[in-house]
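Colleague: I would like a close look at one strand of this model, and then at whatever else helps to place it. Please give the cut-offs as you go.

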Amino acid sequence: MKPRRDDRWIWWRLAWRNLWRNRRRTFITASALAFGYLAAVTIIGIWRGMLSEMIASGTDLVTGQLQIHAPDYYPERSMYTTLGGREGIDVDELVRLTRETPGIVAASPRVHGGGLVSSGSETVAGLFMGVDPDHEVEVTRLLESPAEGRAPRAGEREILIGRGMADRLGVEVGDEVVLVAPASDGSLGNDLYRVSGMFATGMVALDGSFGILPIGSLQELMAMPEEWIHEVAATVEDPFSAPAVGDSLAVALAARGLGYPVQPRPWTVFQAQLAEYASLAGAVNFIIVGIIFIMAVFGVANTMLLGTFERRREFAVVRALGTQPGMVALTVVYEGLILGVVALAVGVLISVPVLYWLHNYPPDLSRAFGDITMLGSVWRPVLRAEYSVDGPVVSAVALLITSILSALYPAYRAVKILPADALADL
Amino acid sequence: MSTETLTDIAVRTEDVWKIYAQEPKDVEAVRGVSMEIHEGDFMTMAGPSGSGKTTLLNMLGGLTRPTRGRIWVRDLEITALSNKELARLRLESIGFVFQAFNLLPVLSALENAEFSLVLRGVPPEERHRRVRELFDEIGLEGLEDRKPGKLSGGQQQRVAVARAVVGQPTLVLADEPTANLDSHSSAALLDTMERLNREHGTTFLFSTHDPRVVERARRRVSLVDGQIESDER
């Protein structure tokens, strides 16, 4: 006669009750796993938070997280390779369509150029970016709060320059500078611009050679019609999803029948070093979580092995009564699994308030370490944990696998017990 | 060879040996035992410590394998069975009563007693009915929900007997079942087993050197140095 299915519950019942025979030991073992879970989700959360902060600061300053260009804009970055070619585009329509794409928060058009900035006898080479000031602040934060003065206003001949450039030119806010840049008609554009403000990022290259103008002013300097733009920069809801959003944007724009090709480039392409660092950090994350749970495996297995040795006689009895060896092993595995589920429940209970605290009231270490400049970004060392689904889920799966793995060797030992020897206390 | 038919014979052994490899000399725990146990026997296997009683009992119950020789339970040669088949045999045909009771401490008296029925897949109502009837019969009524730790030694051993007989096995092997009991509990336990033997025809084989058990037996085998010295009815 085959055992009925519902009779298998006897083994779960046995496992459950055996687990609570030594409450203190079970509590300590479950706590070890629960704190392992807490450590894993916290480390993942903080790492993710730090990465988000790095990505945000690396992309929020100037680049944005997603850029749309003409397909052949890179690497030459010719002033003539505008979106829509020499015909140009309906800029407002492209920006609107981009903003409507799911996952995109804001978008703003841009023109890029390069030339010289002079004041008196001082001249420095500079890169210029023409932006729509009203929309650019939704994409990047260089215009948000300049170190001095204010952002340039649309329609005005104003420029926001880095403090390094201002120092080299010997200018203050309100002074005039001369911009000289190659124009699209083959001439050399030049004009006077008032310094509306200065930014100070701490990044020498950016502070010393970069200037931001209203898009119309730069187009005028470079003799470009207003339909000519080089780029639409966008910011996305989740920086990690930027490549996927870029792909869906390309599909969505193609489906709208724009009549000109576009190529979205996520930050993982134009900030490749940052992307590689994010991947490396993810791998390190994985290794740390792995180490946590591997350590837990040995601890839990040791405890379970102890429990198995203590119950040698009981395993012998159930074997003598006709229990198949595999069922004895399964009971020990059930114990491990139940222990894992209990530990997971405790782990989730203690992790939620900790993550909430780290997300909303993160410890700020900038007083101790100051701001950190790294990989084209200025990063504040704030231990802010980022919420995510995969961190807790991966940790939960790891915890359950850990608890099952921990039970395998004790289960094997339980099966290897010789009933006659165990009953004779040999 | 006995003149009885195979169905009358619960267990038969043929030149069974058990030799433990040890330095400097192997230990011959059981030496060429050939015997038959008949259905309904109520017999003891007595002998001093080290005479091979428990070893022989374990071999008859399929808990350990003989070094050589053959054993049959009814018409099934158990020495040719795999470990899985032996487990199935123990479940369906052998009941064990151990000296140290060996109830599972996390299960109640009822759950302990019905354990083999659970393994056999007997429906809950049926197994509860059978255990309760047995408990009434052997004086354990009202103790169904008690854990072993809350039962006296005599009560625990009666639960162990209930566990051994509830599945109506071919043979119940009891290894020193009274060794941990006072004389009153021993007498009560023997009364119980005698009644089960008489009323249900359950075959009992006791390994013991307790004279109170030997006195009650209808057949007495004496084992000395791993060999049968006498077999009295």
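How many bridges join S5(A) to strand S8 (residues 210-214) of chain A, and do the two run parallel or antiparallel?

Modeller: This is a predicted model, in which local features need pLDDT of at least 70 and side-chain atom pairs count only at pLDDT 80 or more, while totals for chains, interfaces and linings use all residues. Residues are numbered from 1 along each chain as its sequence is written, and chains are lettered from A and ligands numbered from 1 in the order in which they are written.

S5(A) and S8(A) are joined by 2 bridges and run antiparallel. Helices (H or I, at least four residues) and strands (E, at least two) are DSSP runs, numbered from the N terminus, and two strands pair if DSSP finds at least two bridges between them. In this pairing, Ile161(A) is opposite Gly211(A) of S8(A). S5(A) is also joined to strand S7 (residues 188-199) of chain A, by 5 bridges, and these two run parallel. There, Ile159(A) has Val195(A) of S7(A) opposite it.

S5(A) covers residues 158-162, and 5 of its 5 residues are buried, so the strand is largely enclosed by the rest of the structure. Buried means that 20 or more other C-beta atoms lie within 10 Å of the residue's own; exposed means 12 or fewer, and partly exposed is in between, with C-beta atoms placed from the backbone. Glu158(A), Leu160(A) and Gly162(A) point one way from the strand, Ile159(A) and Ile161(A) point the other way, and all are buried.

Chain A also touches chain B: 23 residues of chain A are in contact with 21 residues of chain B. Contact means that the two C-beta atoms, placed from the backbone, lie within 7 Å. On chain B, helix H1 (53-60), helix H2 (83-93) and H4 each supply at least two residues of the side that touches chain A. H2(B) gives the most to that side, with 6 residues. By class, the side of chain B that touches chain A has 10 nonpolar, 7 polar and 4 charged residues. Here Ala, Val, Leu, Ile, Met, Phe, Trp, Tyr, Cys and Pro count as nonpolar, Asp, Glu, Lys and Arg as charged, and the others, Gly among them, as polar.

H4(B), residues 115-120, has a further role as part of what covers the buried residues of H5(B), along with helix H3 (109-113) and helix H6 (153-165) of chain B.
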